[in-house]
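Please open the structure in a viewer and keep the sequence panel visible. The tour proceeds by selections, each followed by a description of what is found there.

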Amino acid sequence: MPTMLTDVFRGHPIHLPHSHQPDFTSLSELPDSYSWTPKDDPLLDAAPSPPAANENIPLIDLNHTDAANQIGSACRTWGAFQIANHGVPLELLQGIEFLTGSLFQLPVQRKLKAARAETGFSGYGVARISSFFNKQMWSEGFTITGSPLNDFRKLWPQHHLNNYCDIVEEYEEQMQKLASKLMWLSLTSLGVSEEDIKWASANSDLNWAQSALQLNHYPVCPEPDRAMGLAAHTDSTLLTILHQNNTAGLQVFRDDIGWVTVPPVQGSLVVNVGDLFHILSNGLFKSVLHRARVNQTRSRLSVAFLWGPQSDIKISPVPKLVSPVGSPLYRSVTWTEYLKTKATHFNKALSMIKNDIDE
Ligand SMILES: C=C1C[C@]23C[C@H]1CC[C@H]2[C@@]12CCC[C@@](C)(C(=O)O1)[C@H]2[C@@H]3C(=O)O
Ligand SMILES: O=C(O)CCC(=O)C(=O)O
Ligand SMILES: [Fe+2]
């Protein structure tokens, strides 16, 4: 029996320091526990300096004949890009956004009925990474994997459930197809084909992937410059596909530039490389550091589709991408093992599976 995503955090409870289910609407001033300084996050103020300020992640048209190369190049330089003409119906994007808005609008007491257990995977709560920071984040989240029915029935009466579950399941299905298409487009640009990665080839079990949906809400904030919506992190995925509403907030980090805001483009989706794709590509694709800022007048919603392999598949650098005289940059790891490492060591996880290469 493969380990399911739902089991990965059983031995890794999140212990949060303080009471952590704030009623954001009652706060007119930013409490100290939400006020971030560079002591809480060294990269806090790494803002782009003027000449670089208009740099942005590329917007790629998936119908373009050169899409594979454009995606490959974006994965190498940014680790992120936006896509248009991705084939996911606009109504479905609007549907998941409406559902996300309705969920977070529920009274806190109702949302807490679906609270994520300390060792659980799905449900309502703060970001898993919260326990690694001294300050609290100005956001609330809801994690789903597979069917949302068990969690949703704690929130809504029967007559809403069918419709809401259908939207989530349709969204997961469409995202799954898109993610695998994006993975192959980017690998093609490296000259890697299906024969090079047995577990992911078309002949292998079609259900080799697993995923989670993370719904995020960033309420209006009285002092956005001092608050943090979601602290800087990389995703432990192969790829993440993000839908954001029309309020900006997502930022990606470039070592040579600093934080760059990803502007919302109606109907397009943001894609980012996760740690496992970085490993698979032997470090060629960049697992991008990203975070979410908040806004004084507009609340923000995002829906992240976190996509990875079946949890017991060993992921290691594609041999073709390792130089004939070198050794692979990383040891092999399953998604489950990696999520557990991340749950204990957060952003040191990647370096912990790095091979020691003394050259
Ligand atoms: C499948 C995943 C991926 C998780 C853990 C688990 C479910 C929720 C995902 C996120 C979503 C929010 C950022 C992150 C960093 C977090 O705190 O929870 C992600 C994390 C990861 O990418 O490591
Ligand atoms: O809200 C956002 O734009 C970012 C969300 C995110 O990074 C995540 O859920 O992993
Ligand atoms: Fe993320």
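A polar contact is here a pair of N or O atoms within 3.5 Å. The model is predicted, and the tour begins at its ligand.

**Ligand 1.** Select Ser-236 together with ligand 1: a polar side-chain atom of Ser-236 lies 2.5 Å from an oxygen atom of the ligand. Next, add Arg-128, which has a backbone N or O atom 3.3 Å from an oxygen atom of ligand 1. Ile-129 likewise places a backbone N or O atom 3.3 Å from an oxygen atom of the ligand. How much of the 450 Å² that ligand 1 exposes when taken alone does the protein bury? The protein buries 96% of that area. To display the surroundings, select the residues around the ligand, among them Phe-9, Phe-121, Gln-214, His-233, Asp-235, Leu-306, Trp-335, Leu-339 and Lys-342.

**The eight-stranded sheet.** Now show the strands. One open sheet has eight of them, in the order S1-S2-S10-S7-S12-S5-S4-S3, and its pairing is mixed. Select S1 (59-61) and S3 (123-125) to see the edge strands, each of which pairs on one side only. From one strand to the next, the twist averages 25°. At the S3 edge, select residues 140-144, strand S4: S3 and S4 are antiparallel and are joined over three bridges. Within this pair, Gly-125 stands opposite Gly-141 of S4.

**Helices on the sheet.** Select residues 158-188, helix H5, which packs on the eight-stranded sheet. H5 touches S2 (80-84), S4, S5 (209-218), S7 (239-244), S10 (269-273) and S12 (300-309), and its direction makes about 60° with that of S12. An unreviewed UniProt entry places a "coiled-coil region" at residues 161-188. Over residues 161-188 the model is 100% helix and 0% strand, with the end C-alpha atoms 41 Å apart. Then select residues 335-345, helix H7, which lies across S5 and S12 and runs at about 130° to S12. Two residues in this selection, Trp-335 and Leu-339, are among those around ligand 1.

**The four-stranded sheet.** Finally, select the open sheet with the order S6-S11-S8-S9, in which the pairing is antiparallel. Strands S6 (230-233) and S9 (258-261) each have a single partner strand, so one side of each lacks a neighbour in the sheet. Neighbouring strands here are turned by 25° against each other on average, direction ignored. For a closer view, select S6 and S11 (residues 290-292), which run antiparallel and are joined by two bridges. Leu-230 stands opposite Ala-292 in S11.

Conventions:
Residues are numbered from 1 along each chain as its sequence is written. Chains are lettered from A and ligands numbered from 1 in the order in which they are written. This is a predicted model: local features need pLDDT of at least 70, side-chain atom pairs count only at pLDDT 80 or more; totals for chains, interfaces and linings use all residues. Side-chain values use heavy atoms; hydrogens and water are left out. Two strands pair if DSSP finds at least two bridges between them. Axes are lines fitted to C-alpha atoms, for helices over the stretch in contact, and angles run from 0 to 180 degrees between N-to-C directions. Contact means heavy atoms within 4.5 Å. A residue is near a molecule or strand if one of its heavy atoms lies within 4 Å of it. A polar contact is a pair of N or O atoms within 3.5 Å; within protein, one must be able to donate a hydrogen and the other to accept it, and residues adjacent in sequence count only if both atoms are side-chain atoms. Accessible areas come from the Shrake-Rupley method with a 1.4 Å probe; for residues, only the protein chains shown count as cover. UniProt positions are given in the numbering used here, feature names are shortened, and annotations may be inferred rather than shown by experiment.
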